[in-house]
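Work through these exercises with the structure open. Try each task before you read its solution.

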Amino acid sequence: MSKTTTNTRDILLGATGSIGIVKVPSLILLLHSLNYTITLVLTEKAAWFWHGTHRGSCNAYDPESVRRVRELVSDGTVKVVEARDEWRTLEGDSPTLRSDEPNKNSSASPPLPPKTKGGNFLCPVLHITLRSTHRLLLICPLSANSLAKYSTGLSDDTLSCVVRAWEVKSKPALFCPAMNTAMWDHPITSTQLSTLKGFWEGGVGGCKIVGPKSKLLACGTEGMGALEEVEVIGREVVSFLGKKIITTIDKEEGKVKRKKDMVKALLRKAKEEFQNSKKKGSGGGMEDKVAPISPSSDLVISSVLQEIKLRGGASSVLDLGCGDGRWLTAFCSEFDNCSCVGVEIDEERVEKAKERIRVGGWEGRARIERGSVFEEGNWGGGAEVIVVYLFREAMERIGKMLSGRKCIVVSVGFLVKSWREPDWEKRIGGIRVYLWDNR
Ligand SMILES: Cc1cc2nc3c(=O)[nH]c(=O)nc-3n(C[C@H](O)[C@H](O)[C@H](O)COP(=O)(O)O)c2cc1C
């Protein structure tokens, strides 16, 4: 018996035609050991390095890792997609993700009858499926050619279509360039990298360029351009997706124990924060502190926004214990015309939230009420979505106040015991997020 805690595959690992690809087998093994799920998407040139047995191939560089990755591919743990699969899927109307077998040409098949739904023509599109079903876009290695394509929007194969269609406002990306020093030093590299990074600006997903590093390159040049170390890339992935210590809860004793330990540690941290905030209190309402000090991570927020988007979006939001207002500005940016109210008692945080709203230019749509979350007068009327990030005791109290309201409630960290099972829940970076759709 096993239960997965995430409903999307984690990482879409895109590899392009740089010699740095020889490190990809060991990167896959590292990410697999960290419990992430991986779909590897290869460009045509990357496939040449991946499948070949020539001197520049993955097979020649690291045969042991290649052998272990092959095992993961053949048992379906790791998926491999190549550019040609996009067309192959349609020809055979077969499952979108395939194993690592050589391509079988199916051009001789008779035409398939079109699929329809409610009279509309339906056709599976692999790159759209891929962009929708993964949390993190990791392009490693990123060749000079693919960098040029992604920064200008060119989309002439599966991977570039995925990048072109990526939800830059809500889902993160990591790019790991690797190229010869002369290519790296060319002024167009930094121009294109900053253009690429800019696509994620203002969103909640985030984007990072990792590496390259300086060393003796495969071509014999000593200088910048080598792919960053696999461990460094792994660390960056963890910083975006969080440690996936528990991906499954099963009967295996060790795993269950680890889960309990994690929950205990989280509770301990929450209690410490609570005590500290009490000690810190010197008037100004600090004795009323009911919310953790640590703000929600971008990944928590983007996951929730994604889920709310699937449920039709939001036109009004109330954040009880809004801290620095990051949920409010994220909602403003994600949903046009969404109006937001945040309630916060701590003066310093109220100022921060106001500043964030002002800098983002959201003053017309978001405002902060300084006061207690337990006073409904501060709530600014009804809201379609209510976000709460409060300690357990406060959650129970707020839970009673929210009962019977026709809205979506999002709780970060704590359940309301007396409520039914949440409609959606997800563990992100060690924090569990719950959503009830009571509309
Ligand atoms: C042996 C070999 C090594 C290469 N290494 C790199 C590299 O490290 N970085 C790079 O940008 N291009 C490199 N190239 C050139 C790319 O493969 C070429 O630009 C290709 O068109 C990239 O295609 P893609 O971006 O669609 O994968 C290399 C080519 C060869 C033959």
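**Exercise 1: a helix and its cover**

Task: find what covers the buried residues of α13.

Solution. The model is predicted. The cover of the buried residues of α13 includes two helices, α11 (230-241) and α14 (326-334). It also includes the strands β14 (385-388), β15 (408-412), β16 (424-428) and β17 (431-437). Next, list the buried residues themselves. In α13 they are Leu299, Val300, Ile301, Ser302, Ser303, Val304, Leu305 and Ile308.

**Exercise 2: a length check**

Task: test whether the end-to-end distance of α13 agrees with its residue count.

Solution. Helix α13 covers residues 298-310, which is 13 residues. The expected span is 1.5 Å times one less than that number. This gives 18 Å. The end C-alpha atoms are 18 Å apart, so the two values agree. Now step just past α13: Gly312 has a positive phi of about 105 degrees.

**Exercise 3: a strand and its partners**

Task: describe the surroundings of β12, residues 339-344.

Solution. Start with burial: six of the six residues of β12 are buried. Then sort the side chains. Ser339, Val341 and Val343 point one way, while Cys340, Gly342 and Glu344 point the other way.

Now take the partners. β11 (residues 316-320) pairs with β12 in parallel over five bridges, and Val317 stands opposite Cys340. β13 (residues 366-370) also runs parallel to β12, joined by five bridges. Here Gly342 faces Ile368.

Finally, trace the connections. β11, α14 and β12 form a right-handed β-α-β unit. β12, α15 (residues 347-360) and β13 form a right-handed β-α-β unit too.

How values were computed:
Residues numbered from 1 in each chain as written. Predicted model: local features only at pLDDT ≥ 70, side-chain atom pairs only at ≥ 80, totals over all residues. Helix = DSSP H or I, 4+ residues; strand = E, 2+ residues; numbered from the N terminus. Buried ≥ 20, exposed ≤ 12 C-beta atoms within 10 Å, placed from the backbone. Contact = placed C-beta atoms within 7 Å. Pairing = 2+ DSSP bridges. Right-handed = clockwise from strand over helix to strand, strands pointing away.
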